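Please open the structure in your viewer and keep the selection tool at hand. We will go from stop to stop, and at each one you will be told what to select and what to look for.

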Amino acid sequence: MNRTLTDNTRAINVAASLGDPQQRTIFAKERISIPGYYEIIQFLGKGAYGTVCSVKFKGQNPPAKIAVKKISNIFNKEILLKRAIRELKFMNFFKGHKNIVNLIDLEIVTSSPYDGLYCYQELIDYDLAKVIHSSVQLSEFHIKYFLYQILCGLKYIHSADVIHRDLKPGNILCTLNGCLKICDFGLARGIHAGFFQCHSTIQPHITNYVATRWYRAPELLLSNQPYNKSVDIWAVGCILAEFYARKPVFMGRDSMHQIFEIIKVLGTPDKDLLIKFGTIKAWNLGKSSNNPVYKKIPWSNIFPFASHEAIDLIESLLHWDSTHRLNVEQAISHPFLNEVRKPDDEPVCLQGPFDFTYEFELNSMPKLRDYLIEEVNSFKTELTSSSL
Amino acid sequence: MDVDERLQQDENQTHLFLQRKPSGFLIKEKVTTISKDSDNIRLRDLNFNHRKKKDEKTRAEQVPIQISFKKSKKSELRNGSESIELSDINLDYIPDSPPIENISGPGNSTVVTPKNIIHLQSDADLILKECDHNYDCGPFYRLYNYENRIEIDDYEAIIKAILTDEIAGTYPVFERELEYQELKTLVRKRDYILYYLLSKDHMGFFRLREERTLFYTYPSIAYTSPLGYLDDGSENELFAEEDDEVLQSFDFENMSSVRTLDSNVWR
């Protein structure tokens with residue numbers, strides 16, 4: 001079944017051109033109400049805090065299939081409201097990039113029992129984890145093409161001074177025609193220094209929450225100091241290696257085991273770097289009385305079938321020291337990707353850095369709720385104006 | 001000496017160190033290691049709650065028979081002896097969201113009325129028999145809790161964070177502080193009476209107050225608590241406990257469902 005939304009712009013335009021929906025289509029069993037110009041195709045499941053179904057525009061040929069998620073029961077929960085606002089803001093901010101998942105429409109329905117926040121977006125069946133860990137043969141060209149798309153999406157995100165912080169194959173969606181889209185901005189964070197300076201009350205550091213361990217950078221495991229965009233680059237390196245290994249390369253059971261998994265491949269880090277991490281945990285790694293010194297295993301020994309360029313890129317991305325890792329633009333320019341590069345596919349975010357200071361003004365639950373509603377309304381206004 | 005032996009030796013050294021800690025510190029570990037081979041003792045209790053989506057097999061195994069038995073026993077006791085026995089405190093109560101029309105102005109949203117329903121789709125047409133019911137999309141894409149970078153037993157990092165904050169005059173904010181402040185204004189004398197006499201916590205205020213107290217009383221909790229997107233109920237629905245050994249032999253075709261979860265230390 002082809003569930004790929006090949007032309008997202010077309011879907012957005014159709015939604016916008018139909019204007020404010022007056023008539024509704026009802027799916028009574030799952031208590032879903034959507035504008036009358038949609039037709040429900042299938043109930044897809046119950047996701048976290050919501051029900052998901054697939055819909056299409058009536059009479060559209062070929063149909064652009066859309067996933068609709070009805071989210072309910074979040075309006076009394078502070079952390080869920082904050083996350084909903086943050087995710088919608090990021091998805092709206094990055095809207096239009098072909099390697100980032102796109103919101104097509106947003107709607108708040110107030111009539112019980114259909115009440116909830118409705119999010120309309122591209123319907124994509126697969127994630128990269130399913131692709132990597134399937135029996136599908138992946139040539140080096142596939143790997144180049146996939147990695148290039150991830151880096152293009154990441155370049156756009158980083159150009160807005162945003163760190164994703166939870167990049168992993170499971171959070172990269174894959175259409176049937178091989179187009180990758182980064183999703184899940186639940187832990188993403190704006191880091192533009194200017195916004196810290198504007199608000200003296202804001203602490204110039206980012207939160208201590210960290211994501212999936214197997215893709216976690218060494219500085220997150222060994223240090224308590226501020227980190228930067230290079231944590232995403234480490235995750236991209238892990239994904240690139242996973243393309244060849246067809247399984248995660250560093251599978252730690254806990255954070256210490258994760259460190260040892262990295263050490264077994266990358267070797268024991270230099271003492272200077274361990275000192276730089278600034279923790280006893282890091283320092284103990286360098287004490288030869290406790291731990292043997294591991295030598296680095298060349299990636300070419302681990303993946304003898306990979307090209308020299310691929311090995312070189314893995315080496316450059318998976319480096320103990322975050323300052324020695326390539327940044328996203330350098331990674332895109334690496335010779336490994338020359339074959340698949342298209343300069344038009346590598347835009348930067350023209351809206352400038354993402355302004356996250358709104359978070360600090362939302363200091364009560366009513367303000368959080370009002371802000372979510374405002375966000376939905378401004379999205380719809382923007383959608384309508386762009387279609388005119 | 002190979003890597004695994006080396007790792008085991010390192011962990012055993014950690015074990016010797018931890019054994020010198022005050023009693024109570026290792027309670028959880030003792031329980032864990034009783035059923036395991038002594039050669040596989042692993043002491044660090046960090047990030048242990050690897051979980052994955054339930055497959056049909058584990059779902060079947062985890063039917064809470066004992067819980068339902070307890071419930072039935074309680075009801076029998078009540079009916080039989082007719083004694084007035086206080087029920088357990090409902091710690092898992094999650095209040096519903098307020099109706100959206102209460103928080104949204106009339107011009108801000110869509111209203112469904114019988115007049116504007118043009119098409120009622122048949123439910124039978126929409127639910128495929130083979131549907132896996134697992135599809136999800138954002139926001140809240142495959143929700144899970146985010147671990148804290150500072151681990152529960154990383155005393156050095158905790159003390160350093162406390163000192164840094166002390167100098168800066170700051171302290172971590174309870175992640176549900178706004179929710180608490182709102183509930184505080186809504187709770188009435190009647191709710192206190194119901195809670196203290198009948199253990200009824202309709203709004204979840206008392207549970208939240210308890211969590212908040214723990215958060216502000218114990219810096220170790222404040223500085224190490226995960227970002228808990230999953231409440232207990234939804235966590236139980238979506239994920240099941242998973243041993244490390246199970247994780248190691250995990251079927252990678254379903255890898256996308258593996259999530260790193262952390263326990264909520266105050267629960």
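Over how many bridges do strand 3 and strand 4 of chain A pair, and is the sense parallel or antiparallel? Select both strands, keeping in mind that this is a predicted model: strand 3 of chain A and strand 4 of chain A, which covers residues 50–57, are joined by eight bridges in the antiparallel sense. To find one of these links, pick A:Tyr38, whose bridge partner in strand 4 of chain A is A:Phe57.

Now widen the selection to the sheet that these strands belong to, an open one of five strands in chain A with the order 3-4-5-7-6 and antiparallel pairing. Strand 3 (38–47) and strand 6 (103–109) of chain A are at the edges, where each has a single partner strand, so one side of each has no neighbour in the sheet. As you look along the sheet, follow its twist, which averages 20° from one strand to the next.

From strand 6 of chain A, move into the loop that leads to strand 7 (116–122) of chain A, where you will find A:Pro113. The peptide bond between A:Ser112 and A:Pro113 is cis, with omega at about 0°. Chain B offers another cis peptide bond, between B:Gly138 and B:Pro139, with omega at about -5°; B:Pro139 is in the loop between helix 6 (123–126) and strand 3 (147–148) of chain B.

Stay in chain B and select helix 9 (residues 189–198) together with helix 10 (residues 205–217), which pack at an angle of about 80° with their axes 11 Å apart. That angle is why helix 9 of chain B is described as roughly perpendicular to helix 10 of chain B. Show the side chains at the contact, where helix 9 of chain B gives B:Asp191, B:Tyr192, B:Tyr195 and B:Tyr196, while helix 10 of chain B gives B:Phe205, B:Phe206, B:Arg209 and B:Glu210. By class, this contact of helix 9 with helix 10 of chain B has five nonpolar residues, three charged residues and no polar ones.

For the last stop, return to chain A and look for the second largest cavity, with a volume of about 130 Å³. Select A:Arg165, A:Asp166, A:Ala211, A:Tyr215 and A:Leu220, which lie nearest its centre among the 16 residues of the lining. Helix 7 of chain A gives the largest share of this lining, three residues, and the lining of the second largest cavity divides into eleven nonpolar, one polar and four charged residues.

Terms used:
Residues numbered from 1 in each chain as written. Chains lettered and ligands numbered in written order. Predicted model: local features only at pLDDT ≥ 70, side-chain atom pairs only at ≥ 80, totals over all residues. Heavy atoms only, no water. Axes fitted to C-alpha atoms, helices over the stretch in contact; angles between N-to-C directions. Helix = DSSP H or I, 4+ residues; strand = E, 2+ residues; numbered from the N terminus. Parallel < 35°, antiparallel > 145°, perpendicular 65-115°, else oblique. Contact = heavy atoms within 4.5 Å. Nonpolar A, V, L, I, M, F, W, Y, C, P; charged D, E, K, R; others polar. Pairing = 2+ DSSP bridges. 1 Å grid on protein atoms, 1.4 Å probe; cavity = no way out; pocket = protein on both sides within 12 Å on 5 of 7 lines; lining within 4 Å. Points joined across faces, edges and corners; volume = space filled by probe spheres on them.
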